[in-house]
Every structure is written in C-alpha cells, then in structure tokens.
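Hi,

Here is the structure I said I would pass on. Have a look at it first, and my notes follow underneath.

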Amino acid sequence: MAAAMLGNRTNSVLLPFLDSITKLKFIRNHSNMALRCKSGRNKLYKVKPNIRKLMKADEIRHVFETNNMVIVCQFSDMNTAEWEDLRYTLRKDEIGVKMFPNKITCKALENTKYREILPLFLAATVVTYSREAKVKTLLTELKKQPKMGILGGKVDEKLLSRKGVVDYAKLPPLTEQYGQLLQVVTEHSRRLTTLLEQNQMNLIANLTQYVNKDEVKS
C-alpha cells in the first residue's frame, strides 16, 4: 500500500510537469509555424516591377523631354467619333494626342523638373504635344470642341498655368518677333550712325572756321 501511495504522489507531481512541458513545446512549434507563415506571406505579396507600367512611364517622360510644347487638357463625355475627329484635326498640324493613366504619370514625373504640374493630373486628362510650340493652333482647334479645355503645361521649357498658356498664344510668331527685334536694332544703329556723322561734320566745320581765323590774322 505504501508503494501505491508513493506512486500516486509521484504521478501527481510528474504528470502536471510533463503536461506543462508538452504544452510549451506545442506553443513553440505553433509560434515557429506562424513565423514561417508570416515570412511566406511577405514573400508571396512582394510587389514585382510591372514591365508595362515601366514602359508607359518611360513613354511619358519621353513625351515631356522631346517636345517643346506639352499641354494637359481635361475632357468629359467625349465619344469615339469626337476623339477620332480631334486626333485627325490635330495630326494635320503635327500635334499629337495621348491619354496616360494619372497615377503612372505622377509616378513618372515626380522626380523630374515637371513635378510642379502633377496637380493637373487629377481628373480625366489627356496630353497634347508637338515639337514646335503651336499653342495658338492648338487653342484654335480646341475652341471647336467644347468638351475639352486646357489646364496648363510646359512651353519652351517653362511651366505655365492655363492663363499662361492663353497669354503665350497671344504673342506674335517667333519669326515676327525676330523681325521686330531686328527693326529696333537697325533703327538704333541708324540713329547712332547719323549722330556720329553729324558730330563729325560739326567738328570739321569748327576746325575749318578756326583755321580760317588764323589765316586772316596772319
């Protein structure tokens, strides 16, 4: 009986101890499993570069860097026929039209000198561009399409608001500006030449008069 009592006491002490060890191992195993699962999820959801988006971003930067005029426009409720008509009309004047996703555009330009115009890419937008600054031509054609209006852009490497673009369109053509500048420079040169010739003639007349006086005295 004493042996039985001793065995019962031993079991009463050892069994809870063994049970606690078993539970501890169970918890550790599940904890390690959780860590492995978490690591696996992180690997699973790791974002890989999207080749199409990267190519689109390169195209956006190329449009801004290689064209002297890039104007951002907003549009609403334009059907396919209206789009085709607008593209055809602008293409005749060598003005391109492209629609880029706003998020990709903002990401593509965020670290460039064009980042100041990123707030324009919030609504439904389209980009019009050309090698030459054909701002007046663009505004003339857009007046025929009431569903589209300009927001701003860059012209001659200057970032312009809507008002700035409109004011730029009011300027005379570049060749005319050069002609006006040449006319001003030529006029100033002519006046300077006339003034120098007049002063030279006055000097000669004064010297002649002085010599004549000396001859009379002698």
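I'll start with a pocket: the second largest one holds about 240 Å³ of space. Before I go on, a word on where this comes from: it is a predicted model, where local features need pLDDT of at least 70, side-chain atom pairs count only at pLDDT 80 or more, and totals for chains, interfaces and linings use all residues. Residues are numbered from 1 along each chain as its sequence is written, and side-chain values use heavy atoms, with hydrogens and water left out.

On terms, a pocket is found on a 1 Å grid over the protein atoms alone, as an open set of points where a 1.4 Å probe fits, with protein on both sides within 12 Å along at least five of seven lines; lining residues have an atom within 4 Å of a point. Grid points are joined across faces, edges and corners, and the volume is the space filled by probe spheres set on the points.

So what lines the second largest pocket? The lining is made up of Lys-136, Leu-139, Thr-140, Leu-142, Lys-143, Met-148, Gly-149, Ile-150, Arg-162, Val-166, Ala-169 and Lys-170. Helix 5, strand 4 (148-155) and helix 6 are the elements that give two or more residues to this lining, and helix 5 has the largest share, with four residues. By class, the lining has six nonpolar, two polar and four charged residues. Here Ala, Val, Leu, Ile, Met, Phe, Trp, Tyr, Cys and Pro count as nonpolar, Asp, Glu, Lys and Arg as charged, and the others, Gly among them, as polar.

Helix 5 (residues 135-142) and helix 6 (residues 162-169) also meet: their axes come within 8 Å and cross at roughly 110°. That makes helix 5 roughly perpendicular to helix 6 (65 to 115 degrees). The axes are lines fitted to C-alpha atoms over the stretch in contact, and angles run from 0 to 180 degrees between N-to-C directions. On the helix 5 side, Val-135, Lys-136 and Leu-139 meet Val-165, Val-166, Tyr-168 and Ala-169 of helix 6; contact means heavy atoms within 4.5 Å. Six nonpolar residues, no polar ones and one charged residue make up this contact. Lys-136 and Leu-139 turn up in the pocket lining too.

Thr-137 is another residue of helix 5. Thr-137 is partly exposed, at 29% relative accessible area; the scale is buried under 20%, exposed over 50% and partly exposed in between, with a 1.4 Å probe and protein chains only. Leaving aside neighbours within four places in sequence, Thr-137 is in contact with Asp-93 and Ile-95. Leu-90 is 47 residues from Thr-137 in sequence, with the two C-alpha atoms 8.7 Å apart.

Stepping back to the whole protein, there are seven helices and five strands, running α-α-β-α-β-α-β-α-β-β-α-α from the N terminus. Helices (H or I, at least four residues) and strands (E, at least two) are DSSP runs, numbered from the N terminus. Of the 218 residues, 23% count as buried. Among contacts with a separation of 6 or more, 77% are between residues 24 or more positions apart.

Two loop residues are worth a look for their backbone. Asp-77 is not a glycine, yet has a positive phi of about 55°. Asp-77 sits in the loop between strand 1 (69-75) and helix 3 (80-92) and is exposed, at 69% relative accessible area. Glu-157, also not a glycine, has a positive phi of about 65° and belongs to the loop between strand 4 and strand 5 (158-161). Glu-157 is partly exposed at 41%. Beyond neighbours within four places in sequence, Glu-157 is in contact with Asn-68, Lys-113 and Tyr-114. Asn-68 is 89 residues away from Glu-157 in sequence, but 6.8 Å away in space, C-alpha to C-alpha.

Cheers

Technical notes
Parallel < 35°, antiparallel > 145°, perpendicular 65-115°, else oblique.
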